[in-house]
Amino acid sequence: MATEVKDSLRKLNEKENGNSRAIFYKKPIKRDNYNLNIQNIDTPQELRRQRLLQFQKRCRDSTFNVRRGILEDAFNSEDELDEDMEIDESNKKRNYSFKRYKCYANQLMMSEWMLDVPQDFVEKWIMVPCPEGKRILLVACKGITKAYNKRGNRLGKFYSALPGGNPSSHRGNCTIIDCIWIKQQKIYYVLDVLAWCNQSLINCDTEFRFFWLKSQLQEIKELQERNMPLNTFPILSLPNISCNLDVSSELANLPNISPLDGLLFYHRDGQYTKGRTPLVTWLKPFMLTEVLGIFMPAPFDEKPDGYIDFKYYILNSKAKKRKEELETQTQMDIADENP
């Protein structure tokens, strides 16, 4: 049963992700769609959101059993005796020589561009401001904390005050969180949680996961410390802003998490799904006025040079990202051929 559900989830994600790209290029979004009072839900992204929410509700128990495997993989890790190292990306070529762990590859939940405003945007969505950095999966288990990128490459290991993440913590505990690593400041900002102290939270909805995460991070004061015996780097929370609030005012009073890269929008009822999902969407700060009609205070309203509009920015960004991914894959293939 678990295998059938896993295959169904994979086929659905592959089909939806493939169709979304084709539809976007054939049917560019119109300014009329940037309306919070939108009544028509016959848009590709909105339909996929509704279908995915229904699918998750039907398969909640089975999905939970399938995705618990990441906790087992953490306990079965055999690299405890590897030499300790901090994250160091000063030499990009060195990245490709890092040991890759397939069990941690492609586990992060990734966003889609917000192609149209969700019908239930005000009632059901939460906004998370994101600093510019690298997405990381942090796994605290058996007395050590390890950092993996989205491809499953282990970038570093250190001590943290997360349950299971240091020698003083119970070695039978395991915590897995989705983070942004800010290299210049050497800080982790926590986006989401997959498991906490052996409790899988993947099948829980976003609102509960965010509540749980905030309360746990506030309780462990040591996570805010730096270069301490049990916590090497600060591991901090990010603001969660409900979209039924005065978003402009909330953004104007943001804590210092600069440089601000963009804003993630999470559906309150969505489960943690690996890969891209329409239940998490993304906008750059300067797009909020154009897309959502939300006033953006300076300097968030500053547009990049050559900016035309939202639609062309997305097309150019996708083309640039495809080129970068191709170059990265080529370098990785070369590294594999010449160990």
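# Notes on a predicted model

1. **Cores.** The largest nonpolar core holds 60 residues. Inside it, F265 and L292 have the most contacts. Another core lies apart from that one and has 23 residues. Its members include I177, V190, V193 and I220. Keep in mind throughout that this is a predicted model.

2. **The chain overall.** The protein chain has 339 residues, and 51% of them are buried. Its secondary structure comes to ten helices and twelve strands. Take the contacts between residues at least 6 apart in sequence: 71% of these join residues at least 24 apart.

3. **S111 in the first-numbered strand.** Look at β1, residues 109–113; S111 is found there. Its relative accessibility is 14%, and the cut-off for buried is under 20%, so S111 counts as buried. What does S111 touch, once neighbours within four places in sequence are left aside? The contacts are L264, R276, T277, V280, T281 and W282.

4. **An aromatic cluster.** W113, F286, Y307 and Y313 form one aromatic cluster. W113 falls within the range given for β1, residues 109–113.

5. **Aromatic pairs around F233.** The whole structure has 14 aromatic pairs. One of them is F158 with F233. The ring centres are 5.0 Å apart and the planes stand at 75°, so this pair is edge-to-face. F158 sits in strand β5, residues 154–158, while F233 sits in the loop between α7 and β9. The pair therefore ties together parts that are 75 residues apart in sequence. Both F158 and F233 are buried.

6. **A second partner for F233.** W181 also pairs with F233. Here the centres are 5.2 Å apart and the planes are at 70°, so the pair is edge-to-face. W181 belongs to strand β6, residues 174–182. With F233 in the loop between α7 and β9, the pair ties together parts 52 residues apart in sequence. W181 is buried, as is F233.

7. **T232, in that loop.** T232 also has its place in the loop between α7 and β9. Is T232 buried or exposed? It is buried, with a relative accessible area of 14%. Not counting residues up to four places away in sequence, T232 touches F158, Y159, R226 and N227. F158 is thus named twice here: T232 touches it, and F233 pairs with it. T232 and K186 are 46 residues apart in sequence, yet their C-alpha atoms are 9.5 Å apart in space.

8. **Two positive phi angles.** Most residues other than glycine have a negative phi. K142 is not a glycine, but its phi is positive, about 55°. N227 is not a glycine either, and its phi is also positive, at about 55°. Where do these residues lie? K142 is in the loop between β3 (134–141) and β4 (144–148). N227 is in the loop between α7 (206–219) and β9 (235–237).

9. **Accessibility of K142 and N227.** Here the two residues fall in separate classes. K142 has a relative accessibility of 14%, under the 20% cut-off, so K142 counts as buried. N227 has 59%, over the 50% cut-off, so N227 counts as exposed. N227 is also one of the residues that T232 touches.

10. **The second largest pocket.** This pocket has a volume of about 430 Å³. It is lined by 22 residues. Which of them are closest to its centre? They are F210, K214, S237, L238 and N240. Four elements give two or more residues to the lining: β2 (125–131), β7 (187–196), α7 and β9. Helix α7 gives the most, with seven residues. By class, the lining has 14 nonpolar, five polar and three charged residues.

11. **E207, on helix α7.** E207 lies in helix α7, the element that gives the most to the lining of the second largest pocket. With 41% relative accessibility, E207 falls between the 20% and 50% cut-offs, so E207 counts as partly exposed. E207 and W125 are 82 residues apart along the chain, and 9.4 Å separates their C-alpha atoms.

Notes:
Residues are numbered from 1 along each chain as its sequence is written. This is a predicted model: local features need pLDDT of at least 70, side-chain atom pairs count only at pLDDT 80 or more; totals for chains, interfaces and linings use all residues. Side-chain values use heavy atoms; hydrogens and water are left out. A nonpolar core is a set of buried Ala, Val, Leu, Ile, Met, Phe, Trp, Tyr and Cys residues joined through side-chain atoms within 4.5 Å. Buried means under 20% relative accessible area, exposed over 50%, partly exposed in between (1.4 Å probe, protein chains only). On a 1 Å grid over the protein atoms alone, a cavity is a set of points where a 1.4 Å probe fits but cannot get out, and a pocket is an open set with protein on both sides within 12 Å along at least five of seven lines; lining residues have an atom within 4 Å of a point. Grid points are joined across faces, edges and corners, and a volume is the space filled by probe spheres set on the points. Ala, Val, Leu, Ile, Met, Phe, Trp, Tyr, Cys and Pro count as nonpolar, Asp, Glu, Lys and Arg as charged, and the others, Gly among them, as polar. Contact means heavy atoms within 4.5 Å. Rings of Phe, Tyr and Trp (its six-membered ring) pair if their centres lie within 6.5 Å; planes under 30 degrees apart count as stacked, over 60 as edge-to-face and the rest as tilted.
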